[in-house]
Amino acid sequence: MPEISLAALAAQLFTGLVLGMIFVLLAIGLSLIFGLMTVVNFSHGSFYMLGAYLGFFLVGYTTSFWVALVVAPLLVGILGLGVERFLIRPLYGRSIDDPLLLTFGLSAVIIELVRLTWGKIGLSLDPPRALAGAVNLGFGMFPTYRLFVIAVTALVLVGLWLFLERTNVGLVIRGGSRDSLMVRALGIDLRKVWLLVFGLGSALAGLAGILAGPMRSVYAEMGVTTVIESFVVVVVGGMGSLPGAIVAGLLIGQVVSMTTFFAPKLAEINVFLVMALVLLLRPSGLFGEAGLME
Amino acid sequence: MKRAVVRAVAARPVLAFALVFAVFPFVVPYKALATQVLIYGLFALGYNLLYGYTGLLSFGHAAYWGLGAYGTGIALARLQIGSLWGALGAGLLLAGVGGIVVGFFCLRRRGIYFAMLSLAFAQLLYFIAFHLADVTGGDDGLRGVSVPPLRLPGVTLALDSSLAFYYFAFAVVTLAMLALKRILDSPFGAVLQAIRENSDRAVACGYDIRRIKLLSFVFSALFCGLAGGLDALRLGVVPVESLYWTTSGQVVIMTLLGGAGTFFGPFVGATTFLVLEDRLSVVTESWPLFIGLIFMAFVLFLPKGIWGTLLARLR
């Protein structure tokens, strides 16, 4: 094995951290939606892709990355509200597979619509000028934009945690994912909460999309492999568990980044091997509770 | 009249299949489409065993289709096996082994987990095939798969014309359908449907449902592997996309369009899908948009599918 410099290793760890943050944002949205309403949203990846495309469009339209960073996730969130209200809601009470099937079809529709609107060729989204270049952190130079992504994700996670732990709505969400029947018996209209959570999860996917846009290429199918990897993150972390989503997201980020460094051909494969290993040793995931939501 | 037809087909599905598909190549615009319908129909049929009858939603059946295709393709193009049966057998073997291994892992979890896991494992196989270019041809696909002559006791037939190959595929698919009918009509088939309806009750009845589910998974993988092997022969090449998630999606769409959990539904679905794709792609490049919308409408308003709805009307 060739000599590996510490700086190169640090850079790779850092890349893994940034990638992990994107996974965390996606996995939290998936996990929140699943935990509360046992719906697997296959179109989550399309919402992620749409976040990046809307970001591209809004940067061009308003010439401000900052406006786009706020508005694109909001628009994706509104789309999520519409999807829950008009497409998912009629399926409650039917087989648990039906929302997955429906959002699978929706995903194909969104991908084709994006191709029709923005063309088949991928786009590139530039980071804002203020975040160009790199910063010296003492032990290496790091791209400013990627540091920014880490900071934004951390902020969002703290905000989300406060929302879930410190607000009444958060309490209802946590209660609803434990025992929705009980919460409804207490006179709470859970349908509003489902709507809200679906919108929130979608907005998080949109945010992940616009954040990832300047780091990865933007193309119509970009969400598909990413959503499958996010499923893996959720499975590894434990379905419905937020700490699980965070730990597993960061772990998978490192797995991808480290194998890209040491054995590039195995980068996509190792993710699945980690999943198989976790399934063998802890079938309910690192933070999942056995028997819960099987 | 229509009801009588539906009833007759439902009563003797394999016979009805044989009668329709004996003349099918002369009904559709071109013969290549007829062969494609047959092979994808078998794929959907195998998928339906797991989803429609056992109630396990797999999003990764590209894995067994692809393994069957690669097994057959590698036997012919790399190992120079000159026997048609040997090549199809190699595909079946690979698909069966894949079914055992993946089934073992996926069946550790139930419900929606199962769907996601099956998808993840299929993607794993896709990436392996993608990177193992020495064996699989990687991104370019496995080229140079030529169809060896069909050897039966006493006769040897060349399958070089598209019509000859169609009737060969027709014979294989008919045999597979008879086998599937036999499986579904057996006590084992009844247990599968019991698991679909209420798996806890099936456990309470004393069935080892994990073993039965795995068996159903492997049977399903074998049917899909056979379909994949036939497709490798049809195309003369195994594209790496055989293992890609889009292939899994196609079989889900076909099965649902036709009617999951009905014997004939998957064939109706495969025919509908392929004819739609064929017609739409002439008109517009965005044909997946329309397939996606039609599929969504079916999930929302017609979850029993075309054939399932016709059958339900009988009652």
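**Chain A and a helix pair of chain B in a predicted model**

Of the 294 residues of chain A in this predicted model, 50% count as buried.

Student: Which radius of gyration does chain A have, and how does that value stand against a compact globule?

Tutor: Chain A holds 294 residues, and for that number a compact globule would have a radius of gyration near 19 Å. The C-alpha atoms of the chain fill a box of roughly 60 × 50 × 35 Å along the principal axes. The radius of chain A agrees with the globule value, at 19 Å.

Student: What pattern does chain A follow along the sequence?

Tutor: The secondary structure of chain A comprises 11 helices and 2 strands. Read along the sequence, these elements give the pattern α-α-α-α-β-β-α-α-α-α-α-α-α.

Student: Among contacts in chain A between residues at least 6 apart in sequence, what percentage joins residues at least 24 apart?

Tutor: The count concerns contacts in chain A whose residues are at least 6 apart in sequence. Of these, the share that joins residues at least 24 apart is 75%.

Student: How are helices H4(B) and H11(B) oriented to each other?

Tutor: Two packed helices are described by the angle and the distance between their axes. The axes of H4 (residues 62-77) and H11 (residues 209-235) of chain B come within 6 Å and cross at roughly 50°. The crossing is right-handed. An angle between 35 and 65 degrees counts as neither roughly parallel nor roughly perpendicular, and H4(B) and H11(B) are therefore oblique.

Student: How many nonpolar, polar and charged residues does the contact of H4(B) with H11(B) have?

Tutor: Among the residues that make the contact are B:Trp65 and B:Leu67 of H4(B), and B:Leu226 and B:Asp231 of H11(B). By class, the contact has 10 nonpolar, 8 polar and 1 charged residues.

Technical notes
Residues numbered from 1 in each chain as written. Chains lettered and ligands numbered in written order. Predicted model: local features only at pLDDT ≥ 70, side-chain atom pairs only at ≥ 80, totals over all residues. Axes fitted to C-alpha atoms, helices over the stretch in contact; angles between N-to-C directions. Helix = DSSP H or I, 4+ residues; strand = E, 2+ residues; numbered from the N terminus. Parallel < 35°, antiparallel > 145°, perpendicular 65-115°, else oblique. Left-handed = near helix turned anticlockwise from the far one by under 90°. Contact = placed C-beta atoms within 7 Å. Nonpolar A, V, L, I, M, F, W, Y, C, P; charged D, E, K, R; others polar. Rg over C-alpha atoms; globule rule 2.2 N^0.38 Å. Buried ≥ 20, exposed ≤ 12 C-beta atoms within 10 Å, placed from the backbone.
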